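Biologist: Before we talk about details, could you put the model on the screen so that we can go through it together, part by part?

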Amino acid sequence: MKRFTQAAWDEPLINELSRPGRVGNLVPTDRQIKSRFKDPASLVPPSLRRDSVNLPELSELQVLRHFNRLSQMNFSVELGMYPLGSCTMKYNPKVSEMIAGSDGMKHAHPLQPAETAQGLLSIFYELERYLSEITGMSRFSLSTAAGAQGELAGVLMIRKYLMDHGGAGRDEILVPDSAHGTNPASAAMAGFKVVKVPSDEDGQVRAKSVAELCSEKTAGMMFTVPNTLGLFEGEVAEVSSAVHRAGGLMYYDGANMNALLGRARPGDMGFDVVHLNLHKTFATPHGGGGPGAGPVGVTRKLAEYLPVPVVSKGKTGYSLDYDLKHSIGPLKGFVGNSAVLLRAYIYIRLLGASGLADVSSLAVLAANYLWKSLDPDAFPASHGKGMRRKHEAVVSVKSELPGAAMSVAKAVLDYGMHAPTVYFPLIVHEALMIEPTESEPLEMLDEYAAALNEIYGKLKDGNLGEVPRNTSVGKVDEVKASHPMTLRVHW
Ligand SMILES: *Cc1c(COP(=O)(O)O)cnc(C)c1O
């Protein structure tokens, strides 16, 4: 029996098991077909044949075993906690999967006439209303496929709005030093200069520092609340006022909405534009970079600037509306990732308003419980020591050893658990960023904290050794993985 060790992984697995002439297809019983299947190549027209396609030759059972084994080398939220801070890796209800995979959904086509897709369009219309209510915005465009794309849409709207309102010379966007990297990247992609706003020792952006950085150049500010340190920004209302007074607009990075769901609304904090990450807060899958959904919402004065299409309701029913007067244009085909949007709609309907508020209270409770279960001498809080956390906790691994946070993260894998986010936010030394979400039972939180505390004990005593030891794939050579990069540009 092959053990899936690092060495085994390095071998070309499939070719090793392949034997010439071994077949895995089930042959139909009909004699005539059977005789043709003896030479499967005869089914392919001669003009399309190649000499050899060099496929591995395996039995059906071998193929099954191979893929089942690979699937067991994976980690998922259905195997254990996935406490990746900032990612909100919560459980995605199975009922949403069932409905998203139903025939009606599978067979829907973006080009079918709107009158034959009224059910689905009505769902998107209602979803837009729910998201507007949850955030305190006036309208949403659902099409953008990720938080980052929502950000780009948002700052492009800010730019166009300012140009139409005598603000063409405003070319600076304020971004706090604790922000996610996508914020400055989106602002730069939209043609803005990024002005960094420092956070203080409590991890707070102060209205005073914002006011000092504001000028007639200010187009707006991108702000994450609670921030990536897991802390609520206590001066958010004053910060919004300062930016508005200077003539700029406020952008809300909604990636951390899990902490506020059903309890506080960015619209009430003075924000003009928001994005939500449905694949975080609204329990839709995070699939290796997509498909996700990062709808973007705005207040009334910006409604005509949204990316198209939006879903409209008229006398003849629902339709995809491409006629917004000042729209920045389309950023994604049709209504976006429709099956993802449907799952978010189901999630909201399953929970209702009070259920959504329970989500945020449980998420905050779980994060604070886990944080308080950690040894405070081993994992001191980086900022805001006396403050309560929101949906996640950021701690610093206390050690003289370089790469201590990475060692702790790798050691967690040996417990059959997933590591937290490491080395983010950038302003925290040896950072671990832990977000348990509301999905986790108490026992899991206890187990995780116990593992981290035990690992720290070994690290401190110099007994950690080379980690991880028990995983099917060992520690990746990160220098090799990133250094001799082969970059290819496809035009
Ligand atoms: C995840 C995240 C983003 C980017 O969202 P994507 O959907 O991954 O593009 C932006 N800001 C913060 C704070 C995030 O956590």
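Modeller: Here it is, and please keep in mind throughout that this is a predicted model. The protein is divided into domain 1, covering 6–72, and domain 2, covering 94–350.

Biologist: What distance separates the centres of domain 1 and domain 2, taken over C-alpha atoms?

Modeller: The C-alpha trace of the whole protein spans about 80 × 70 × 45 Å along its principal axes, which gives a frame for the placement of the two domains. Taken over C-alpha atoms, the centres of domain 1 and domain 2 are separated by 47 Å.

Biologist: What share of the 491 residues in the protein do buried residues make up?

Modeller: The secondary structure comes to 16 helices and 12 strands, and of the contacts with a separation of 6 or more, 71% are accounted for by residues 24 or more positions apart. The accessible surface comes to about 24800 Å², with 56% of it belonging to carbon and sulfur atoms. Among the 491 residues, the buried share is 48%.

Biologist: Let us turn to a sheet. What is the order of the strands in the open sheet of 3 strands?

Modeller: Strand E10, residues 393–396, pairs with E12 in the antiparallel sense over 4 bridges, while strand E11, residues 421–422, is joined to E12 by 2 bridges and also runs antiparallel to E12. E10 and E11 stand at the edges with a single partner strand each, so one side of each has no neighbour in the sheet. The order of this open sheet is therefore E10-E12-E11.

Biologist: Which residue in E12 is the bridge partner of Thr421?

Modeller: From the E10 side, Val395 has Leu432 as its bridge partner in E12, and Val394 stands opposite Met433. From the E11 side, the partner of Thr421 in E12 is Met433.

Biologist: Which residues of strand E12 point the other way from Ala431 and Met433?

Modeller: In a regular strand the side chains alternate between the two faces of the sheet. Strand E12, residues 431–434, has Ala431 and Met433 pointing one way, and its residues on both faces are buried. Pointing the other way are Leu432 and Ile434.

Biologist: Now the aromatic residues. How is the pair formed by Tyr125 and Tyr318 classed?

Modeller: The structure holds 8 aromatic pairs. In the pair of Tyr125 and Tyr318, the ring centres are 5.3 Å apart and the angle between the planes is 55 degrees. Since that angle falls between the cut-offs of 30 and 60 degrees, the pair of Tyr125 and Tyr318 is tilted.

Biologist: How many residues apart in sequence are the parts that this pair ties together?

Modeller: Tyr125 is partly exposed at a relative accessible area of 23%, whereas Tyr318 is buried at 17%. Tyr125 lies in helix H7, residues 118–135, and Tyr318 in strand E9, residues 317–321, so the parts tied together are 193 residues apart in sequence.

Biologist: What kind of aromatic pair do Tyr161 and Tyr305 form?

Modeller: Tyr161 and Tyr305 are both buried. Their rings are 5.6 Å apart centre to centre with 70 degrees between the planes, and because an angle over 60 degrees sets the class, the pair of Tyr161 and Tyr305 is edge-to-face.

Biologist: Where does Tyr305 lie, given that Tyr161 lies in helix H8?

Modeller: Helix H8 comprises residues 147–164, and the pair ties together parts that are 144 residues apart in sequence. Tyr305 itself lies in the loop between strand E7 (296–298) and strand E8 (310–314).

Biologist: Is Asn227 buried or exposed?

Modeller: Asn227 lies in the loop between strand E4 (218–224) and helix H11 (236–245), and its contacts include Ser178, Gln204, Asn256 and His391. A polar atom of the Asn227 side chain is 2.8 Å from the backbone oxygen of Gly203. With a relative accessibility of 1%, against a cut-off of under 20%, Asn227 counts as buried.

Biologist: Finally, which residues does Ala339 touch, not counting residues up to four places away in sequence?

Modeller: Ala339 is found in helix H13, residues 338–373, and is partly exposed, with a relative accessible area of 26%. Ala293, 46 residues away in sequence, is 9.8 Å from Ala339 in space, C-alpha to C-alpha. Leaving out residues up to four places away in sequence, Ala339 touches Ala100 and Met105.

How values were computed. Residues numbered from 1 in each chain as written. Heavy atoms only, no water. Buried < 20%, exposed > 50% of the residue type's maximum accessible area, 1.4 Å probe, protein only. Pairing = 2+ DSSP bridges. Domains from an automatic or database assignment. Polar contact = N/O pair within 3.5 Å; in protein donor to acceptor, adjacent residues only side chain to side chain. Contact = heavy atoms within 4.5 Å. Areas by Shrake-Rupley, 256 points an atom, 1.4 Å probe, with all protein chains shown as cover. Phe/Tyr/Trp six-rings, centres within 6.5 Å; stacked < 30°, edge-to-face > 60°.
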